[in-house]
Structures are given as C-alpha cells and as structure tokens.
Amino acid sequence: MQIIYPGKDLEVLASASRYTTWVLQYFLPHINGNTLEIGAGLGEIAFRILPKVSTLDLVEPSSVLADFLQKRFADSGQTKIFPTTIEAHLNKNSPKKYNAIIMINVLEHIEDDV
C-alpha cells in the first residue's frame, strides 16, 4: 500500500517550534535507548529526540516523506527509515524491542480509526 502525502500541514508544524517544544516536554523524560517513531513525517520530532536515543527507527507510510527522511538522516548512523505502515513494520521486524515508542500528530490522519 502506497500512501501519498497531499498537504503542507507538516511544513507549517515544522515552523511551530514552541508547539514542538511544548509537546516534547511530556515525552523527553521517557525517551531513551532503542526508540521507534510512528508517522515520522518530516522528522522534526526525530531530529529533536535523536541526541537522547541509542537507535531511532522511523516508520513513515508516505513514500514522499520517507524519501525526504532518508535524505535528512542520511548521515545519522543511529537512524533507520522504514517506508511502510506500523502493522507491516512490526510484522517484519518482530521481536525487536523498543525502550520507547512515540506517535505524535498521527491519529487524526487515520481514515477509518474504529
């Protein structure tokens, strides 16, 4: 399943640094070790948490955004990009263990969230 990213909302959120700081104040104390971010988007959250983690797996189902993440984190030896859904990622990479799993600004994009 290929998901296309149609909007510009992530670009707008990327410029809202106070919003990102506010959101991360709740997560940062609990993030360490091997970490997974679901729906990594443009990588704004990933960029900020990278110094706190050992490894960072980024799951992004939009091929456009996954390509962007590949370029953005190309020099990071601790980051891996997975251009897939979370279900497919967990099925392929089980039983990988994570110390922290985060998902920020994702649920509102799920069409049939029942």
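Q: Helices (H or I, at least four residues) and strands (E, at least two) are DSSP runs, numbered from the N terminus. With that settled, where does Leu56 lie?
A: Leu56 lies in strand β2. Before we go on, this is a predicted model, where local features need pLDDT of at least 70, side-chain atom pairs count only at pLDDT 80 or more, and totals for chains, interfaces and linings use all residues. Residues are numbered from 1 along each chain as its sequence is written, and side-chain values use heavy atoms, with hydrogens and water left out.

Q: Thanks! Is Leu56 buried or exposed?
A: Leu56 counts as buried because its relative accessibility is 0%. Buried means under 20% relative accessible area, exposed means over 50%, and partly exposed is in between (1.4 Å probe, protein chains only).

Q: And what is Leu56 in contact with?
A: Leaving aside neighbours within four places in sequence, Leu56 is in contact with Thr35, Glu37, Ala46, Ile49, Leu50, Gln78, Thr79 and Lys80. Contact means heavy atoms within 4.5 Å. For Lys80, which is 24 residues away along the chain, the C-alpha atoms of the two residues are separated by 6.4 Å.

Q: Let's zoom out. How many helices and strands are there in the protein chain?
A: The protein chain has five helices and four strands. Starting at the N terminus, the order is α-α-β-α-β-α-β-α-β.

Q: Which strands pair with β2 (residues 55-59)?
A: One is β1 (residues 34-38), which pairs with β2 in the parallel sense over five bridges. Another is β3 (residues 79-82), parallel to β2 and joined to it by four bridges. Two strands pair if DSSP finds at least two bridges between them.

Q: Which residues are bridge partners there?
A: Between β1 and β2, Ile38 has Val59 as its bridge partner. Between β2 and β3, Leu56 is partnered by Thr79.

Q: How does the chain cross from β2 to β3?
A: The path goes through α4, and this β-α-β crossover is right-handed. β1, helix α3 (residues 44-49) and β2 also make a right-handed β-α-β unit. Right-handed means that, with the strands pointing away from the viewer, the path from the first strand over the helix to the second runs clockwise.

Q: Back to β1: what else does that strand pair with?
A: β1 also runs parallel to strand β4 (residues 100-102), and three bridges join them. Leu36 stands opposite Ile101 in β4. Four of the five residues of β1 are buried, so β1 is largely enclosed by the rest of the structure.

Q: New topic: which residues have the most contacts inside the largest nonpolar core?
A: Those are Ile49, Leu56, Leu58 and Phe73, in a core of 18 residues. Here α2 (17-27), α3, β2, α4 (63-72) and β4 each supply at least two residues, and α3 gives the most, with three. A nonpolar core is a set of buried Ala, Val, Leu, Ile, Met, Phe, Trp, Tyr and Cys residues joined through side-chain atoms within 4.5 Å.

Q: Anything beyond that one? Which residues does the second core include?
A: The second, separate core has five residues, among them Leu36, Ile38, Phe82 and Tyr98.

Q: Which residues of α2 are buried, and which are exposed?
A: Thr20, Val23 and Leu24 are the buried ones. They cover an arc of only 100° around the axis, which puts them on the same side of α2; the arc is that of the directions from the helix axis to the C-beta atoms. Arg18 and Tyr26 are exposed on the other side of α2.

Q: What about the buried residues of α4?
A: In α4, the buried residues are Leu65, Ala66 and Leu69. Their arc around the axis is only 100°, so they sit on the same side of α4.

Q: Last one: how many salt bridges does the structure hold?
A: The structure holds one. A salt bridge is a side-chain nitrogen of Lys or Arg within 4 Å of a carboxyl oxygen of Asp or Glu, and here the side chains of Arg72 and Glu44 meet at 2.8 Å, N to O. Arg72 lies in helix α4 and Glu44 in helix α3, so the pair ties together parts that are 28 residues apart in sequence.

Q: Are those two buried, partly exposed or exposed?
A: Arg72 counts as partly exposed at 29% relative accessibility, and Glu44 also counts as partly exposed, at 28%.
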